[in-house]
Every structure is written in C-alpha cells, then in structure tokens.
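Q: Could you take me through one part of this model at close range? I'd like the strands, who pairs with whom, and then whatever surrounds them.

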Amino acid sequence: MGQYNRLSKLEEIWFPMASLGTDMRHLFKTKIDRHEDAFLTGEKELATEFDTLNNVLLDKFSQMEEIIQRHPQIPLKLASIQKLREDYMVNIKLAKAIENWMDEAVDLTPKLQREIQQHGRQQRSLLERFSSLDKNISTYFIEAIQRNKTTTLHNTFFLGGLFLLVLLLATVIIDKVATRLLITPLATLKENVRSFAMTQKIIEPEEASPSDEVGLLASAFYEMTKDLKATTVSKRYVDNIIRNMSGALVVVNPAGLIDKVNQQAIELFGYEEKDLVDKEAALLFVAAKAMPLKNISQLAQWPLKNVEVNCCTRDGHIFPAHFSGSVMDNEVGKMVGLVCVLNDITELKDSEQKLKQMALHDALTGLANRHLFFDRLDRAIHEAERSGTKFALFFLDLDKFKPINDTLGHDIGDLVLKTVASRLQNLVRAGDTVARMGGDEFTMILNGLHSDQDARKIAAKIIQRLAAPFTFGNISCTTGVSIGMTMCPDHGQVAEQLFHWADQAMYLAKNQGRNTYCLHQQSILNLS
Amino acid sequence: MHPLKIISILTAALAALLFLGGGPVCAGPDFIVVAHKDNPVKELPAAQVKNIFLGKERFWPDGSAITLIMNKNDDIHESFTRTMLQKSPAQLSVYWKKILYSGASMLPLAVKDDEAVKSYMSQHKNTISYIDADSLDKQVRQVEVTP
C-alpha cells in the first residue's frame, strides 16, 4: 500500500514545490516591478531592494533543485530548472547594467535602448517561464492530490472489502467451531435427554476428553440416567400397574375425601372422575356405619385385607366387594392417605351360592337333598324337644312311576318329578321341608303339628293333589303316591329310627293297595 | 511664455470647451502637426493623432511604418502633449520608457527644435511631428487635426 508513500510524497515534494514555485514567481514579479519602478523614476534605492529579493530567489532555486534531485521520479527536469536559473542570472546581469543608466542625465542612446529592450524581452519571457513553472507544479500537485484521493478511495474500498472479508471469514470459522464444539454435542445430548424422557433408553456418549466440557456433561448425564434408571421406578411404570390392575383403586386422604381413583374404580361405580375426586369416600359404600373408612384415623385396624363390604354404584345398584386398605406414609412417617382396593365379588358370591345350592339340594327338582334333609331332621328333632311341639316325617314313593319313565321317556319322567316337587312345595308351610331322596322317593318334615290327625289330613291332601293328571303339551299321564308317616316325639327322637319307620310305613301303604298313607304303628308293632 | 499667449490659449480652450460641449480640443495656434510634404494624408482626427503619438497606431494608410519625431522645443512639446495627449511631458516620457523597458519598442526619436524637425522630416518620408505654427515653411506640410 502506497498510502504512506503517497502522503509523504505530497508532504515532501508537492507542498514545498508548489510553495517554491509560487514564491519564485512572486519574487521575480516583485523584482521586475521594483526594477521597473527604479528605471522609470530613476530612484536607484528601489533597485537595491532587488538584491535581497535576488538572494531569496536564488535560495529558492537551490531548494527546488535539491527536491528534484532527491526525487528523480517527479515529472520536472532538473535541467530545465537549471536553465531557468542560468537565464535568470543573465537577466540579472543586464538589469544591473541598466541600473547604471537610470540617471536622468544619461541620454538613452539607441544602443542602450536596445539593451534595455533586450532585457525587457528576456524579463518577460522569464516571467512567463516562472509562471508556467508555477502552473505546472500546481497541476502536478493537483494531480498528485487527485491520485492520492483516488488511491485513498481505492484503499478505503479495499480496506472495507478486506474488513468485510475478514468479518465473513471470522463468522464462518466461529460458526464452524461453535457447531463442532458446542452445538452438535449439545444437540446430541438434547436428543439423548429426549430419548431418555420418551423411551427410557439411554445412549452411551463417546469418550470425552477432559477439556471437552459438553462431552463431560453428556457423560455426567449418562451416569445420572443410568443410576436413575437403576434405582427408581418410573411414573409410567406405576401408572401402568395402576391402570392394568383388576381392582378398583381409591386413594383416600386423611380427611376421608377421595384423592385419586383409577379407571377400574370409575367403571365400577359408574361415576366420572371429577364426581369422585374430593368427595366423601363414604359415598361409595352402603351402610357407612359398617364401612371400614368410617374413622380412618384408627390406625390400629390397618391394614385391612379382603373385608367384605357392600358398595353402591351411582345408579343405586348394590354389590358385594372385597375391601383391602393400607396406610400410605410419607418419608417422615406421617400418614398421607389410604390406598384402598375394591374388588367386585358379585360373581364370587353367586358361585358360592350356587355351590351351596348344589351341595344341599337336588339338582333336578331344587328340593333339599338327602344331606340337607337329615340336617333339617336333626334340627326339627331339637326344636320339637326344646319347644315341646310335634312334627311329622313323611316318606313318599310315587306309584307306577317306572312305567311312565319306560313308556314316555326320562324327559317326561323328569318333568313329572319336577311337577310333583312343585305340588308338594305348594302344600307345605314356610318352615316345612320337602326333600328328594332319589328316584321317585320324597320326604317331608311338617313342623308344628298337634297330633297325628293333622298329619293324616295333610297326607290325604297330598294324595289328592298328586292324583291329578300331569299334562305336558299333548302328553298326559297320571301317577299316585304311597305315604309312610312317623310322628316325633311320639315315635321316637332318633332321626335314623324315625326315617326307617317312615320307610316301613310307606311299604305298608304300598301293600295296602297304593295311593294311600300309613302311619307307623308302634303300638301295633309293640303289640305284635 | 508670453502672458498674452497664455491668456489667448486659455480663452480659446475655454471657448472651444463652451462651443463644442467638452469635445476634443482643437489644435491651438501654438503648434501644428506636420508631415512630409509628399505625404498624402492631409488631415487626421485628434484621437488618431493621440494614438499615433502614444505608439498605438504605427502605420500610415499605405502600410509604411510611422516614424515619430519628438520636438524638444519645450513650449511646443508641452503644449502638444497636454493638448493632444492629455499628458505632461514627464508622463509621456515615463510612458515611453515603460514601453522601452518592457522591450516592446524603442523610444521615439527626439530632436532639439522646430528647425531640426523640419530638416529631419524633409529627408524622412514617413515621419510625423509638431512645430510652432509660425515655423511652418515649404519643407514640411501641415496636417489638419480634425475634432
């Protein structure tokens, strides 16, 4: 860059040169004026001033020549300056000569006049040369300034461009470095964090150098998540368990208000979640009195396991449920709530009922079976003994039932049996028992009788009822019944004995021509 | 200079000024402009005379150079310079010395009196000068100065 050189060129060459050129022209012009004045007025003193001017002018010549010698590149020829100086010196000599003739007294002969004329012409031409030198220097000066300006402008553009380029380069480099060292690792780390948050998967980062802060951060994060995963169960995991558990979960706070319910609870009770949260937990139970949540502060009773309670849905439907509850403590051991699990046991109850039915009743007719019958018989014996009342034990066997089975089929036979059971059931009071012993044998316990007369009346009624025909569609059949009767305590207080005698009495009735009854005749036996 | 002459000159000048309304002053009776007797120029306007004697017009109509002859007869010279050139003799001298100093021209020829003028003029055809009106003879011819 020639900035400095150009400036210094201006400073070292053109400023002084311009000033020298102008000075020289001025000095020479002054010299002419003074000399002319002296010539015209004849005052030689005016011309003496010219000597001083002359010395100064010659000094200027020397300065200019020196500058030109020092800077040979400038477009001014040293020779032309030197020539000007020589011509100037010649002119000075002539001028000096003229000074001598300035006296008015001296007659200006044609010869002298010609010398003055010559001097005048020289002087004029010299003045022109001084002027032209000054003008040329000014032109060069202006050109130099112009060049300088242009260069400065170019330099400014160049510097501006360079600055922009450097700025751009710096930006690109910083961007690259930042991307490589910071943004990319951070993005990876962010992805890892997100991945961990979404899927619980953790990706082991690359080995980080001790100077790579982001890399170390990624490693630290990796360690942390690994530990976290090893030691904690995620909320999602717990939520999964809660959602997928079969029981209804109800979390109750110490004030007895529902804190949280799961989907099963919502479905079970038919409420919406907002209808349950912050409501009294008692809402869900029938007979709040019996409800274990009545006073949850009685911690002694906790935990409760599979307590049977009755629950109430939003529609008012009541269903049995197993209730389990345990206290939930916080870190410092303070109770923060109860975790209650309710399992609907309606089906369980039904099954239980069914099993019980199956165990104690006859499958075809629904009447008590042999087992239940003997149980009832024992109870009836005890009751009779305790209260001093009587009861009758009937043993029934259908007459001519086998032909029905054989001719009309077992289905009709079964229907007959069921109808018989139904007709018998309708003839007895609520506390009485009708049981089927198997085949076409039935037994009955008739409580609260006063005498065997009562038993006879009932037996007659039974025979009458069962004599009625059985009609199933277009099939109709008839049967009859033979009844053996024993009375308790009249005939004994041992179940097996009473049963046996009733059986015997039934056979007697069969022997007496069927479709009749026969009371056990202890006296007869005793008599015989 | 005779006092009457001065008075008459002044009177004439005044009259001329009054009559002509400040126009060019006519040659007084003191001097006359003269040229070679063969010179065809019979009259010149005052302005042209002034130009010729100040070196501004240098050629006759036929193309020949005009040679000026200054008359060193002081009275006539001063009368001429003041009347025709509106300058003192010293001013005119400096005027011509300035021209000489610049190198443009040499000083005009100067002769000592009317006789010298007439004598030189008779031998140099392209000359012009001025003399006392009384000195006019056949050697030279007067050129009428018109306003």
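A: Here's a walk through the sheet of chain A, followed by the other pieces.

First, the ground rules: this is a predicted model, where local features need pLDDT of at least 70 and side-chain atom pairs count only at pLDDT 80 or more, while totals for chains, interfaces and linings use all residues. Residues are numbered from 1 along each chain as its sequence is written, and chains are lettered from A and ligands numbered from 1 in the order in which they are written.

On to the sheet. In chain A, five strands make an open sheet, ordered S2-S1-S5-S4-S3, with antiparallel pairing. Strands here are DSSP E runs of at least two residues, helices are H or I runs of at least four, and both are numbered from the N terminus; two strands pair if DSSP finds at least two bridges between them. Strand S2 (258-261) and strand S3 (304-312) of chain A sit at the edges with a single partner strand each, so one side of each has no neighbour in the sheet. Ignoring direction, neighbouring strands are turned by 30° against each other on average (the axes are lines fitted to C-alpha atoms, and angles run from 0 to 180 degrees between N-to-C directions).

Zoom in on the S3 edge: S3(A) pairs antiparallel with strand S4 (residues 318-329) of chain A over seven bridges. One to click on is A:Val307, whose bridge partner in S4(A) is A:Phe323.

Chain B has its own strand pairing. Strand S1 (residues 31-36) of chain B has five of its six residues buried, so the rest of the structure largely encloses it; buried means 20 or more other C-beta atoms within 10 Å of the residue's own, with C-beta atoms placed from the backbone. S1(B) runs antiparallel to strand S5 (residues 127-132) of chain B, joined by five bridges, and B:Val33 stands opposite B:Tyr130 there. S1(B) also pairs with strand S6 (residues 140-146) of chain B, again antiparallel, over four bridges, with B:His36 opposite B:Val140.

Between the chains, nine residues of chain B are in contact with 13 residues of chain A (C-beta atoms, placed from the backbone, within 7 Å).

How far to trust chain A? Its pLDDT (the predictor's confidence in each residue, from 0 to 100) averages 83, and 92% of the residues score at least 70. Among the elements of chain A, strand S6 (residues 390-399) has the highest mean, 93, and helix H15 (residues 522-527) the lowest, 47. Where pLDDT is low, the predicted coordinates should not be read in detail.

Technical notes
Contact = placed C-beta atoms within 7 Å. Buried ≥ 20, exposed ≤ 12 C-beta atoms within 10 Å, placed from the backbone.
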